[in-house]
Amino acid sequence: MATSTTPPRLDRRASSTPPRAPRRVGFSQTLGRWDVKVSPYLYISPFFILFALTGLFPLGYTAFVSMHQWHLIGGQGPFVGFENYAYILQEPNFWKSIRNTFSIFFLSTIPQLMVAIVLAAMLDANLRAKTFWRMGVLLPYVVAPVAVSLIFGRLFSDQFGIINTLLGYVGIDPIGWHSQPFPSHVAIASMVNFRWTGYNTLILLAAMQAIPRDLYEAAVIDGASRVRQFFSITIPMLRPTIIFVVITSTIGGLQIFDEPRLFDQLGQGGPSRQWMTTTMYIYEVGWGNQKSFGRAAAVAWILFLIIIVVGMINFSLTRRISTDNSSKSRKKVKR
Amino acid sequence: MSAPSVPVIAQTAGKGAARAAARKRSTAQGSDRRPGWVTYTLLGIAIVASILPLYYAFLLASSTSQYIAQNPIPSLIPQGHFFENVSRVLNSDIKFWQAVGNSVIVAVITSASVVLFSTLAGFSFSKLRFRGRSGLLVFVIATTAVPTQLGIVPLFIVMSKLGWTGKLIAVIVPGLVTAFGVFWMTQYLESALPYELIEAARVDGASMIRTFWHVALPAARPAAVMLGLFTFVGSWTSFFWPFIVLGSSNPTLPVAVQLLQATYFKDMALIMAGVTVSIIPLIILFFVAGRQLVAGIMQGAVKG
């Protein structure tokens, strides 16, 4: 407690505790009531004000901008209704960006989740030097996506990359990581996986450790194998966490920008835009040749709606899949 | 623990159970047994996979461009040109020193601010009673899932109206608060700060802000450190918004690294030297505070 209050209190106690002056009580009570009433709002207000100004307002205002002609330098133009949307929706590059984004998203989310669950199950064992292993898998998380992208861009280099060289040793022809759409998506997804697998592993590990151990004992008594235990207890019990991880990677993964942007030095998503994601497309439309903020805002708003829809689909899908499993296992465990 | 009890139950629970218990004994099942070499090998592979790309960057950063062109697979022993390449980065057209300074400024300010405002709001949400509390808290939780990055177009418009484009303040202000931080501190203080402590402080005549400063803030310290670390990492590694609003004249570190790539794309040794320099500060932070990061992720997972 503060040094400033201590001396007067000591003084009071020393002089045989005279009661506080009544007038001060009255005033401080009013002040105190005001303090109690207003403080809670005062303390949450910095967050709400700043978040409203820098987060929610821009997001909502995106819809407004998307209904106008709006130039990067020229500023606001006339209201055009859904013209920007109509323009965007007939642009082949927009659809290409949607395809690329989803392709990279699937290639990163699904393998990553599976690897993370397996790694978490291994970390959940009674290992020696637990902290070492946990920190080891988390290391890539502190590496900036920009750095990851430059390193992996080199690893996946078409001509001098390690990966194509190694493939050459086993007699596989060089893969056009930078020239073909699907291989480039694999390369970019591998950057995302590199950075986030360990992070999600630790989230799943924490959830695994929260599973009551007697469930496993009951399963052992019923004669369930290790694999059966994993699929009938571990996976269903991880349901909320898997939903959490999937939703988080949906929100992040569909906005991916850094990794594809630095996959080559031009940053346009390849000569035929084969790995240009939708966020990169927003940048290209708004800050590239067109300099059209109206259209960029339209793309941003479409992507926003897509993220909400995909998030909801993921939520119901993950819930349904794991509910089926968990209802089975619940019956089994209760038996 | 409860493991020894299993055979006892097993003897009274019929054929299948006995078989299972026997298998349990013979194949070393159960979480208290040490896992076999397979587990360690697979985990070892995972760790090598997370270190190797970083070491590869360092290897390229300590080579010459000529060596890189001749050897697709570099020797595992560094070539010894690292400091030479780093000094070339620092003397290049890219304002690398400035970028380091900018990244430090942005990361420190946003971390401190996120921690302070999140703890303040978390204290209020978890321990104070007021009208609309639960509704506002639900709102905060919902907004943790909002992709605010998609508001860049209006955000950029606002920043250029304010004349902030190209200035650090344009990166700092949107990072001053996060919904996640508020949620995180609320969760933590809910359980870590007993009402008795607050009441004691109030009875002693402490004002609300005093109670916050001398009771809530010290109690929140472990979670505040973690939140600060995550915010620091997030700020240090963020690229999209700084890239758009700052441009090449006043870059943060990731923007400077991108500029290196765009400008000197033929000089791989130079680029990788820049990459390595940009990674090193967070690697050091990771060795100092990695335990907190691990604990933070695992705690956040259980509660969130």
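Before I begin, one definition: the UniProt positions I mention are given in the numbering used here, the feature names are shortened, and annotations may be inferred rather than shown by experiment. Please also keep in mind throughout that what we are looking at is a predicted model.

With that said, let me start with chain B, where UniProt, in an unreviewed entry, places the feature "transmembrane region" at residues 37-58, 96-123, 135-158, 164-185, 223-248 and 268-289. If you follow residues 96-123 of chain B, you will find that the stretch is 100% helix and 0% strand, with its end C-alpha atoms 40 Å apart. Residues 268-289 of chain B are likewise 100% helix and 0% strand, and there the end C-alpha atoms lie 31 Å apart. The record, again an unreviewed entry, also gives chain B the annotation "domain: ABC transmembrane type-1", which covers residues 100-289. That span is 77% helix and 0% strand, and its two end C-alpha atoms lie 20 Å apart.

Taking chain B as a whole, we count 16 helices and 0 strands, and of its 304 residues, 45% are buried. How do the contacts spread along the sequence of chain B? Among those between residues at least 6 apart, 73% join residues that are at least 24 apart.

One helix of chain B deserves a slower look, namely α3, which runs over residues 37-61. This helix has 25 residues and reaches 35 Å from its first C-alpha to its last, which is close to the 36 Å expected at 1.5 Å a residue. Where in α3(B) does the kink lie? It lies at B:L52, shortly before the proline B:P53, and amounts to about 30 degrees. B:P53 itself is buried, and among the other buried residues of α3(B) are B:L43, B:A46, B:S50 and B:L54.

Turning now to chain A, the UniProt annotation "transmembrane region", from an unreviewed entry, covers residues 41-64, 102-123, 135-156, 237-257 and 296-317. Residues 102-123 of chain A are 100% helix and 0% strand, with end C-alpha atoms 31 Å apart, whereas residues 135-156 of chain A are 68% helix and 0% strand, with end C-alpha atoms 26 Å apart.

Chain A also contains a small piece of strand structure, in which β1 (residues 68-71) and β2 (residues 75-79) pair in the antiparallel sense over 3 bridges. A hairpin of 3 residues joins β1(A) to β2(A), and the bridge partner of A:H71 in β2(A) is A:G75.

Two loop residues of chain A have backbone angles that I would like you to notice. A:R273, in the loop between α12 (258-261) and α13 (278-287), has a phi near 55 degrees, a positive value in a residue other than glycine. A:K291, in the loop between α13 and α14 (293-334), has a positive phi of about 50 degrees, although it is not a glycine either. Are these two buried or exposed? A:R273 counts as partly exposed because 18 other C-beta atoms lie within 10 Å, and A:K291 is also partly exposed because it has 15.

Finally, let us bring the two chains together: 84 residues of chain A are in contact with 91 residues of chain B. On the side of chain A that touches chain B, helix α2 (residues 22-66) gives the most, with 18 residues, and the residues of that side divide into 60 nonpolar, 15 polar and 9 charged.

Notes
Residues numbered from 1 in each chain as written. Chains lettered and ligands numbered in written order. Predicted model: local features only at pLDDT ≥ 70, side-chain atom pairs only at ≥ 80, totals over all residues. Helix = DSSP H or I, 4+ residues; strand = E, 2+ residues; numbered from the N terminus. Buried ≥ 20, exposed ≤ 12 C-beta atoms within 10 Å, placed from the backbone. Contact = placed C-beta atoms within 7 Å. Nonpolar A, V, L, I, M, F, W, Y, C, P; charged D, E, K, R; others polar. Expected span 1.5 Å × (residues − 1). Bend = angle between axes of the 7 residues up to and from the residue. Pairing = 2+ DSSP bridges.
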